[in-house]
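Let us walk through this protein together, from its overall plan to a few individual residues. Please keep the viewer open as you read.

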Amino acid sequence: MAHEDFEVEAEEHVEPLDAEARARREAALRFVRKFGDPVLRARAREIDAFDEGLVEEVRRMGQIMHDSIGIGLAATQLGVMHRVLVYRVEPDAPLAALVNPELEWSSEETEPMDEGCLSLPGVLVEVERAVHVRVRARDERGEPILVEASGLEARVIQHEMDHLDGVLILDRTSRDQRKRAMRALRDAETGTPSPA
Ligand code: ZN
């Protein structure tokens, strides 16, 4: 079965990038903190000042997410310890930004799907998530918003909210898949080719 790509591009799903898009992606990915960086394990702080700085932060996150060909990004992935996340599930949809998101409700119904993460290059693991969620948040201007999401949108929101608490997909998958992922991450670090 073809997996839904998540923050990472799944080669078989995405058209080959031209050289310019590839260069833009590499440049954007340099801003994204990778596994092993302690910021990915820290809890982000609530936002209490809704100012131009926050608007600019959200704009920048949207740009980096877009250039990285991701569909979601949490501020912590850029080393900014703010409870802010952005996502865009449909290519033409406007950028969605959630500030201080709170999970109000999630369905008992869950489903497994392969997820990747810009902070875990080359890793794809199966994660079980609630199919439906209801989240209260503010937008970057401080306006209260209520998001009711299902399917991939609900999954992205849960993935990015996890980042704000220092939780990674490695913590949400089976022991076997975590072991395999850790091996792939280590090999990527040392440049050893992974056997599988
Ligand atoms: Zn991620």
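The paragraphs below go from the whole chain to the sheet, the cores and one loop.

A word on the ground rules: this is a predicted model, in which local features need pLDDT of at least 70 and side-chain atom pairs count only at pLDDT 80 or more, while totals for chains, interfaces and linings use all residues. Residues are numbered from 1 along each chain as its sequence is written, and side-chain values use heavy atoms, with hydrogens and water left out.

The protein has 4 helices and 7 strands; here helices (H or I, at least four residues) and strands (E, at least two) are DSSP runs, numbered from the N terminus. Following the sequence, you will meet them in the pattern α-α-β-β-β-β-β-β-β-α-α. Of its 196 residues, 45% count as buried, where buried means under 20% relative accessible area, exposed over 50%, and partly exposed in between (1.4 Å probe, protein chains only). The accessible surface comes to about 10600 Å², and 49% of that belongs to carbon and sulfur atoms; these areas come from the Shrake-Rupley method with a 1.4 Å probe, and for residues only the protein chains shown count as cover. Taking contact as heavy atoms within 4.5 Å, 65% of the contacts between residues at least 6 apart in sequence join residues at least 24 apart.

Now turn to the sheet. It is open and antiparallel, with 5 strands in the order 1-2-3-6-7; two strands pair if DSSP finds at least two bridges between them. Its edges are strand 1 (72-74) and strand 7 (144-150), each of which pairs on one side only. From one strand to the next, the twist averages 40°. Helix 2 (residues 52-68) lies across strand 1, strand 2 (84-87) and strand 3, at about 40° to strand 2; axes are lines fitted to C-alpha atoms, for helices over the stretch in contact, and angles run from 0 to 180 degrees between N-to-C directions.

Strand 6 is a good place to pause. Strand 3 (residues 96-106) and strand 6 (residues 132-138) are joined in the antiparallel sense by 5 bridges. Across this pairing, Trp 105 stands opposite Arg 134 and Glu 102 stands opposite Arg 136. Strand 6 also pairs with strand 7, again antiparallel, over 7 bridges, and there His 132 has Ser 150 as its bridge partner. The hairpin of strand 6 and strand 7 has 5 residues between the strands, and Gly 142 takes a positive phi near 95° in this hairpin.

Which way do the side chains of strand 6 point? In a regular strand the side chains alternate between the two faces of the sheet. Here Val 133, Val 135 and Ala 137 point to one face and are buried, whereas His 132, Arg 134, Arg 136 and Arg 138 point to the other and are not buried.

A nonpolar core is a set of buried Ala, Val, Leu, Ile, Met, Phe, Trp, Tyr and Cys residues joined through side-chain atoms within 4.5 Å. The largest such core has 18 residues, of which Tyr 87, Leu 98 and Ile 157 touch the most other members. Strand 2, strand 3, strand 6, strand 7 and helix 3 each give two or more residues to this core, and helix 3 provides the largest share, 5 residues. Apart from this core lies another, of 17 residues, including Ile 64, Ala 75, Leu 78 and Val 99.

Finally, look around Glu 126. Thr 173 sits in the loop between helix 3 (151-164) and helix 4, and counts as buried because its relative accessibility is 11%. Its side chain reaches the backbone oxygen of Glu 126 at 2.7 Å. Gln 177, in helix 4 (residues 175-190), has a side chain that reaches the backbone nitrogen of Glu 126 at 2.8 Å. Each is a polar contact, that is, a pair of N or O atoms within 3.5 Å; within protein, one must be able to donate a hydrogen and the other to accept it, and residues adjacent in sequence count only if both atoms are side-chain atoms.
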